[in-house]
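I am opening a fresh page for this chain. I want to begin with its surface and then turn to one helix and to the aromatic rings.

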Amino acid sequence: MASGGGAVREVGSKAELDEAVGGARAAAVHFWAAWCEASKQMDEVFAHLAVDFPHALFLRVEAEEQPEISEAYGVTAVPYFVFCKEGKPVDTLEGANPASLANKVAKLAGPANVAESAAPASLGVAAGPAVLEKVQEMARQNGSSASESTLKKRLEQLVNSHPVILFMKGNPEEPRCGFSRKVVDILKQEGVEFGSFDILTDNEVREGLKKFSNWPTFPQLYCKGELLGGCDIVIAMHESGELKDVMKEHNIPLRQQGSKIEEPVISESANEQSTEAIGLTEAQKARLESLTNSNSVMIFIKGSPEEPKCGFSGKVVHILKQEKIPFSSFDILTDDEVRQGLKVLSNWPSYPQVYIKGELVGGSDVVMEMHKSGELKKVLTEKGIIQQESLEDRLKALISSSPVMLFMKGNPDNPRCGFSSEVVNALRGAGISFGSFDILSDEEVRQGLKTYSNWPTFPQLYYKSELMGGCDIVLELKKSGELKATLSE
């Protein structure tokens, strides 16, 4: 069996890689790119791991120069690692995470060669001193304070860490303000199991969440990652019975005091309206039906499209605006008769509610799923509310969406090819603001743009809807000092 011997070996063909991996008990393969700074940093860690784990085979592949190998292993971004045992892939890792890399190598190859070395808790394995030193060096270089994007990612993880989570002052056992205490009491009374985060212990989260949620005060209550609101809204939802309805709609189990968990009951047909509308007078029913038919797309929300009063309402508004769908809205907080009556008419217990030509589509979860799958636009097209957009019209809209528009592989913060990275660096170096589109995320756009522009490769840079060219032209303009002037005419 082949062994590494403490060095990283460069691989120049798929046949060479297959042979090397096939003859090794344990092998780690790093797909990298010289233009990618994260790749280069991780390659240093990779080289140190080769020293710490000499009985494993460490291989390096230049991803863009070896497209056959990259395609065979499903590589779409660098750095990317494939871990093989007895000739077969058993695990992968994407991105610059030295701790995860060390963990996976140790799991693959066994303990490091240096018995006395011990990793910090962040590694969780017996890594050798070489990789530990490199990880610590990278940590010092990157600094301890989180970047804006890192903070956003952390906040997203926090709001999604529990089905229901309360950001409060103190903790449920010892609330540190009356508003927090009130929300805790309501959740316990409703039988809602929830997680909590004490914002007094982390000022970065405390200040960051205000911008993240566009909500300036605490407590803040989230359900399935979406903001429900603060103390006043939670109290109003509790008093109207709507809080329990929202929990049931989102499949949150409820525990009644002294009893078992009350499992949410999902109606047999979310889209089927109640035909009898029990408890409504004919006048009430006529008014509600008139409201649901008052526009082709009608949404019943908390607040207004400009100032939604709950996260779910805001999400639906955002989707409709993003899809450029004309709609009207009704603020159910201003009319309790409509708020309670519509629940009966639609047989749908919570808000927001979205109607298309008088028929209930559903709430925020349904609309988000339809948006994600493309079915929302399809339904609206079938019902004649929006016209079917041709590929040419779509391409024109994308090209004109920003004065300077770059169609690239990946995004400006994480380019997925060297040419895209060079154009991004050139534009940023010249201080030019630009929009971008990741052609790897949409094959129709990727292929259509080649024909539309009569330009076969990417990246493609447009200025005022006119094609400027690809990487070579941008770099030539940069070299001559004409890039900024050309894109400012």
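**Notebook: surface, a helix and ring pairs**

I looked up the accessible surface of the chain first, and it comes to about 24600 Å², with 48% of this belonging to carbon and sulfur atoms. I note that the model is a predicted one. Of the 489 residues in the chain, 46% are buried, and I found 20 helices and 23 strands in its secondary structure.

Next I turned to helix α9, residues 231-240, where the buried residues are Cys 231, Ile 233, Val 234, Ile 235 and Met 237. I then asked what these buried residues of α9 pack against. The partners are α7 (178-190), β10 (220-223), β11 (226-229), α10 (242-249) and α13 (336-346). After α9 comes Gly 241, which has a positive phi near 85 degrees.

I went on to the aromatic pairs, of which the structure holds ten. In one of them, the ring centres of Phe 46 and Phe 58 are 5.1 Å apart and the planes stand at 70 degrees, over the 60 that is needed, so I entered the pair as edge-to-face. Because Phe 46 lies in helix α2 and Phe 58 in strand β3, this pair ties together parts that are twelve residues apart in sequence. Both Phe 46 and Phe 58 are buried.

For Phe 167 and Phe 197 I noted centres 5.8 Å apart and planes at 40 degrees, so this pair is tilted. Phe 167 is buried at a relative accessible area of 0%, and Phe 197 is buried at 15%.

Lastly, I recorded that ring pairs link Phe 31, Tyr 73 and Tyr 80 into a cluster, and that Arg 60 lies over the face of Trp 32, at 5.7 Å from the ring centre.

Definitions and conventions
Residues numbered from 1 in each chain as written. Predicted model: local features only at pLDDT ≥ 70, side-chain atom pairs only at ≥ 80, totals over all residues. Heavy atoms only, no water. Helix = DSSP H or I, 4+ residues; strand = E, 2+ residues; numbered from the N terminus. Buried < 20%, exposed > 50% of the residue type's maximum accessible area, 1.4 Å probe, protein only. Areas by Shrake-Rupley, 256 points an atom, 1.4 Å probe, with all protein chains shown as cover. Contact = heavy atoms within 4.5 Å. Phe/Tyr/Trp six-rings, centres within 6.5 Å; stacked < 30°, edge-to-face > 60°. Lys NZ or Arg CZ within 6 Å of the ring centre and 35° of its normal.
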